[in-house]
Amino acid sequence: MPATPDLWHHYGRARATRDRAVPPAFRWDWAQAGGPGAEVLGGLGGRVVGELGAGAGRHAAHLVAYHAPAEVVAVDASPAQYALAVGLYGHLAPRLRSVHAGAVEHLLGRAGAYDVLYSVFGAVDFTEPRALLPAACAALRPGGRLVFSTLAHHVGGAPARPEVTATEIPARTPEGTVVSMRRWVLAEVAGVTALERAGFAGVRTGVLPAAGDREHAVGTLLVRAFRPAG
Ligand SMILES: C[S@@+](CC[C@H](N)C(=O)[O-])C[C@H]1O[C@@H](n2cnc3c(N)ncnc32)[C@H](O)[C@@H]1O
């Protein structure tokens, strides 16, 4: 039985050869060009923070370098992305801890461990919400927050889905074969309902307008939600 191909093998690989810097800014939007920054996460001093689908770890590295958290745990299921993160930012350990794991598997059994969880077009986009969101809620301490950026509509312009249903999108194996993977592109109302069903409260959403050239002209949905305090 062949192992599952790593469909994130190519992502960010070229950039990693020429840009090893800790980013000086934290961006939520698709083009990584503007909009709000790390302040959306609340004060991070002394906090335990987890990133779900951290990729090469650039956002997590920024938080460690500029916002004094106790720890940022950068979780990613892709062997290639985990290796990139360790290669680029291993020197920020132990406050930056890269973990090679699926987000759901990581969160289960860590009840109340996190003050803040976030995702930048990460695991929240690519994981069955009915599995990920309850696990994220339980892994937050009461009053803890989840923040994520996701697509406001499909790349290419088709509207987001009004139901919790995945879209098949193209992906490439390490050898270059084109296959497909599932991405959840949910309309605001569907996302809010999924969050509330998972136990979250105080859900707030906002659309960050598309920025950049035509390839990057994709709107971003920025979502905040809290595990109830009581
Ligand atoms: C589009 S990339 C974004 C990476 C990073 N957040 C960034 O902004 O560059 C999506 C990442 O989510 C990761 N991912 C997808 N599903 C995941 C899951 N269930 N658990 C952990 N990581 C996951 C992929 O491996 C990939 O690195």
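Let me begin with a definition: a residue is called buried when its relative accessible area is under 20%, exposed when that area is over 50%, and partly exposed in between. On that scale Glu128, at 23% relative accessibility, counts as partly exposed, and I will come back to Glu128 when I reach the salt bridges. Please keep in mind throughout that what we are looking at is a predicted model.

I will take the sheet to start with. Seven strands make an open sheet, the 7 strands following the order 3-2-1-4-5-9-8 with mixed pairing. Strand 3, residues 96-100, and strand 8, residues 201-208, are the edge strands, and because each has a single partner strand, one side of each is left without a neighbour in the sheet. From one strand to the next, the twist averages 15 degrees.

At the strand 3 edge, strand 2, which covers residues 71-76, runs parallel to strand 3 and is joined to it by 5 bridges, and within this pairing Ala74 of strand 2 has Ser98 of strand 3 opposite. Helix 3, residues 79-89, packs on the sheet here, where it touches both strand 2 and strand 3, and its direction makes about 160 degrees with that of strand 3. Towards strand 8, helix 7, residues 188-197, lies across strand 5 (140-151), strand 8 and strand 9 (220-226), and the angle it makes with strand 8 is about 155 degrees.

Now to the charged side chains. How many salt bridges does a search of the whole structure find? The search finds 6, and I will go through some of them.

Arg58 and Asp19 meet through their side chains, with an N to O distance of 3.7 Å. Since Arg58 lies in helix 2, residues 58-66, while Asp19 lies in the loop between helix 1 (13-18) and strand 1 (48-52), this pair ties together parts that are 39 residues apart in sequence. Arg58 counts as buried at 10% relative accessibility, whereas Asp19, with a relative accessible area of 23%, is partly exposed. These two residues also belong to a network of salt bridges that links Arg15, Asp19 and Arg58.

A second pair is Asp125 with Arg183, whose side chains form a salt bridge at 2.8 Å, N to O. Here again distant parts of the chain are linked, with Asp125 in helix 5 and Arg183 in strand 7 (residues 178-183), 58 residues apart. Is Asp125 buried or exposed? With 0% relative accessibility, Asp125 counts as buried, and Arg183 is buried as well, with a relative accessible area of 8%. Beyond its neighbours within four places in sequence, Asp125 has contacts that include Ser149, Thr150, Leu151 and Trp184.

As promised, I return to Glu128, which forms a salt bridge with Arg130, the closest N and O atoms being 2.7 Å apart. Arg130 counts as exposed, at 54% relative accessibility.

Lastly, a few points of backbone geometry. The peptide bond joining Ala93 and Pro94 is cis, with omega about 5 degrees, and Pro94 sits in the loop between helix 3 and strand 3. Ala68, although not a glycine, has a positive phi of about 50 degrees; it is found in the loop between helix 2 and strand 2 and counts as partly exposed at 49% relative accessibility. Phe121 likewise has a positive phi, near 50 degrees, and its place is in the loop between strand 4 (114-120) and helix 5, where at 14% relative accessibility Phe121 counts as buried.

Definitions and conventions. Residues are numbered from 1 along each chain as its sequence is written. This is a predicted model: local features need pLDDT of at least 70, side-chain atom pairs count only at pLDDT 80 or more; totals for chains, interfaces and linings use all residues. Side-chain values use heavy atoms; hydrogens and water are left out. Contact means heavy atoms within 4.5 Å. Two strands pair if DSSP finds at least two bridges between them. Helices (H or I, at least four residues) and strands (E, at least two) are DSSP runs, numbered from the N terminus. Axes are lines fitted to C-alpha atoms, for helices over the stretch in contact, and angles run from 0 to 180 degrees between N-to-C directions. A salt bridge is a side-chain nitrogen of Lys or Arg within 4 Å of a carboxyl oxygen of Asp or Glu. Buried means under 20% relative accessible area, exposed over 50%, partly exposed in between (1.4 Å probe, protein chains only).
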